[in-house]
Amino acid sequence: MRTDDLIRGLAADEKRETSPGRAVALLLPAGLAVAVLLFSLLLRVRPDFLPMLATPWLPFKFAVTLSLAVAALLIVSRLVRPGVRAGPVAVSLLVPCGMLALGIAAVLGLTPPETWGPGLVGHYARYCVVFVPLMGAPILAALLLALRKGAPTRPGLAGACAGLAAGGLGAALYAFHCTDDSPLFVLTWYGIGIAALTAAGALIGRRVLAW
Amino acid sequence: MIDREEAWASLMRSSLAGDQAAYQTLLRALAPALRASVRRRLAGMGQPLEECEDIVQETLLAIHLKRHTWRTSDPFGPWLFTVARNKLIDHVRKRGRRIEIPIEDFADILPAAEERPGADSAEVDRHLAQLPAKQRAILKTVAVEGASVGDAARQHGMTPGAVRVALHRGFASLAARLRTEE
């Protein structure tokens, strides 16, 4: 085909895709809804949810996981637009990392060493590493679907950020159920679950986000 | 350079607001600029220049299908150059996995490069031939024969809406095939 002909054809094609930001705004709530549905089928809110909300530990879990999700979404929203640098917003990842570091410093500084081990091991670590990715999976699917409207120069990295965001949101949802509240537990076991989703996002993203 | 980018940005703004004439003007202005830059880069990488027009057309398709990822408040140059560089790298990488046969072996059967200078892409034609029949027919009628959407609809006994959908899907699957081919 001649380039001139191709241009004539392209100019006749008026259909335009939804912007990736709009697609995320439309699909992310759907992914969250599926995750909440999964939660209601498989898990229940911890019985001491309200009293625990008054302690620092439960709000800490929400703050870390939700700020992680927000930072990852911020980064990925730039990664899917060609010519826009994501580096400047990547510093937002320091917020969840800094909070986690503060939480761990608090544990190590304020609680007796003999409680560190039990806090780290927790009671339901095995559930945590399964349910965090499970809660995040529908969110990751929704995000990847939406980000297909974008044009990431590095599809694997964009997929990994989508996985990180889904992991943060999935972990926040799981925190409604989970009674292991030590920041050491959050770092380790939530971390493993979130890392698994990040890796999955990178692998899938490399295939489905290429354009 | 900056003036040129600003002119392109303003054409793209009009295009995204629905001005199809501005869009066509923009693509016609971008094609020679892309061609010159692809040629220079191919030569710099020691890659065969014959593939230049394949890459130009792949890039134009990508610009078309991803134009909604440019925000009208952003500078247009970095967006364009990133898309173009990506398509060039994809193309060269794809080729890297294939066995390259020295061009001399084909010298007799290849048409002289000057015949229709930098205007044809054999690769696009090859993938065009594999599209679903309806998409291919619509693409040919609108692009090659230059029919309007309305004319194409009458000619193929379809509604204008169906023609628009077939046209868009045709370009999207063409781009997907170019990206994932062997």
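User: I'm new to this one, so let me start small: where is the place of A:Leu37?

Analyst: Keep in mind that this is a predicted model. A:Leu37 sits in helix α2 of chain A.

User: Which residues join A:Leu37 in a nonpolar patch on the surface?

Analyst: The partners are A:Leu41, A:Leu42 and A:Leu134, and the four together have about 390 Å² of accessible area. Helix α2 of chain A, residues 20–42, gives the largest share of the patch, with three residues.

User: How many helices and strands does chain A have?

Analyst: Chain A has 10 helices and zero strands, so to speak a run of α after α: α-α-α-α-α-α-α-α-α-α along the sequence. Its C-alpha atoms fill a box of roughly 75 × 35 × 25 Å, taken along the principal axes.

User: Now a helix pair. At what angle do α9 and α10 of chain A pack?

Analyst: For a pair like this, look at the angle, the axes and the residues that meet. Helix α9 (residues 155–174) and helix α10 (residues 183–208) of chain A pack at about 145°, and their axes are 6 Å apart.

User: Is the crossing of α9(A) and α10(A) left-handed or right-handed?

Analyst: That crossing is right-handed. On the α9(A) side, the residues that meet α10(A) include A:Gly159, A:Gly163 and A:Gly167. Among those on the α10(A) side are A:Ile194, A:Leu197 and A:Gly201. By class, the contact has 10 nonpolar, eight polar and one charged residues.

User: What about charges: how many salt bridges are there over all chains?

Analyst: The general idea is that side chains of opposite charge can pair when their charged atoms come close. In this structure, a search of the whole model finds 12 salt bridges over all chains. One of the pairs is B:Glu53 with B:Arg35, whose closest N and O atoms are 2.8 Å apart.

User: Which helices of chain B does that pair link?

Analyst: B:Glu53 is in helix α3 (residues 52–65) and B:Arg35 is in helix α2 (residues 20–45) of chain B. The two residues are 18 residues apart, and the pair links distant parts of the chain.

Terms used. Residues are numbered from 1 along each chain as its sequence is written. Chains are lettered from A and ligands numbered from 1 in the order in which they are written. This is a predicted model: local features need pLDDT of at least 70, side-chain atom pairs count only at pLDDT 80 or more; totals for chains, interfaces and linings use all residues. Side-chain values use heavy atoms; hydrogens and water are left out. Axes are lines fitted to C-alpha atoms, for helices over the stretch in contact, and angles run from 0 to 180 degrees between N-to-C directions. Helices (H or I, at least four residues) and strands (E, at least two) are DSSP runs, numbered from the N terminus. A crossing is left-handed if the near helix is turned anticlockwise from the far one by less than a right angle, and right-handed if clockwise. Contact means heavy atoms within 4.5 Å. Ala, Val, Leu, Ile, Met, Phe, Trp, Tyr, Cys and Pro count as nonpolar, Asp, Glu, Lys and Arg as charged, and the others, Gly among them, as polar. Patches are made of residues with over 30% relative accessible area and no salt bridge: like charges are joined within 9 Å, nonpolar side chains (Val, Leu, Ile, Met, Phe, Trp, Tyr) within 5 Å. Accessible areas come from the Shrake-Rupley method with a 1.4 Å probe; for residues, only the protein chains shown count as cover. A salt bridge is a side-chain nitrogen of Lys or Arg within 4 Å of a carboxyl oxygen of Asp or Glu.
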